[in-house]
Amino acid sequence: MINQRQVVDFALQRRALLAEVRSGRVGSYEACDASPYLLRAAKFHGRAGDRPCPICRQEPLTLVSWVYGDELKHVAGSARTPEELARMAGRFAEFTVYDVEVCRACHWNHLVRSYVLGTGEPADGPRRTAGR
């Protein structure tokens, strides 16, 4: 099990948006706007969720994890599987993961949570200053 830190849950924001859609104040076309890149990531890197899509109810939601962090360099901004996240958590000092739920049928998507992973130790050893 990997140790998640600084967890932020976006459930209240999700519920508010769904209430807006159900009341008609927000059109489903506005809420169902997943980009082709996000849909591809859901297909190849996502994992099946246990809840049906709250908009179309046609298929279960897919959960996609995106990683960001200075230390990640070219890997930053990419989707990763749970296995890759576990390996990265032991290799990098700190990076942020954003879990997004996606419906591949109607293109609903919403940020579910964000959290920090990593060893928590500085990437480099102690820095030396000139004259030491």
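## The surroundings of Leu 72

Leu 72 is in contact with Val 67, Met 88, Phe 92 and Phe 95, when residues up to four places away in sequence are left aside. The model described here is a predicted one.

## Nonpolar cores

Leu 72 and the four residues named above belong to the largest nonpolar core, which has 11 residues in all. The other members are Val 75, Leu 85, Ala 89, Val 97, Tyr 115 and Leu 117. Two or more residues of this core come from each of α4 (82–91), β5 and β6. Of the elements, α4 makes the greatest contribution, with three residues.

Another core, of 10 residues, lies apart from this one. Its members include Leu 39, Ala 42, Trp 66 and Val 102.

## Aromatic pairs

Three aromatic pairs are found in a search of the whole structure. One of them joins Tyr 68 and Tyr 98 in an edge-to-face arrangement, with 5.7 Å from centre to centre and 75 degrees between the planes. This pair links distant parts of the chain, as Tyr 68 is in strand β3 and Tyr 98 is in strand β5, 30 residues apart. Tyr 68 is partly exposed, at a relative accessible area of 39%, and Tyr 98 is also partly exposed, at 29%.

Why is the pair of Phe 92 and Phe 95 edge-to-face? The ring planes of Phe 92 and Phe 95 stand at 85 degrees, with the centres 6.4 Å apart, so the pair is edge-to-face; the cut-off for this class is over 60 degrees. Phe 92 and Phe 95 are both buried.

## Residues with positive phi

Most residues other than glycine have a negative phi. Arg 57, a residue other than glycine, has a positive phi, near 55 degrees. Arg 57 is located in the loop between β2 (47–52) and β3 (60–68). Its relative accessible area is 53%, so Arg 57 is exposed; the cut-off for this class is over 50%.

His 107 likewise has a positive phi, near 75 degrees. This residue is found in the loop between β5 (95–102) and β6 (109–117). With a relative accessibility of 30%, His 107 counts as partly exposed.

## The segment after β6

Where does Glu 121 lie? Glu 121 is in the segment after β6, and its relative accessibility of 54% makes it exposed. The C-alpha atom of Glu 121 is separated by 8.5 Å from that of Phe 92, and the two residues are 29 residues apart along the chain. Phe 92 itself is buried and is one of the residues of the largest nonpolar core.

Definitions and conventions:
Residues are numbered from 1 along each chain as its sequence is written. This is a predicted model: local features need pLDDT of at least 70, side-chain atom pairs count only at pLDDT 80 or more; totals for chains, interfaces and linings use all residues. Side-chain values use heavy atoms; hydrogens and water are left out. Helices (H or I, at least four residues) and strands (E, at least two) are DSSP runs, numbered from the N terminus. Buried means under 20% relative accessible area, exposed over 50%, partly exposed in between (1.4 Å probe, protein chains only). A nonpolar core is a set of buried Ala, Val, Leu, Ile, Met, Phe, Trp, Tyr and Cys residues joined through side-chain atoms within 4.5 Å. Contact means heavy atoms within 4.5 Å. Rings of Phe, Tyr and Trp (its six-membered ring) pair if their centres lie within 6.5 Å; planes under 30 degrees apart count as stacked, over 60 as edge-to-face and the rest as tilted.
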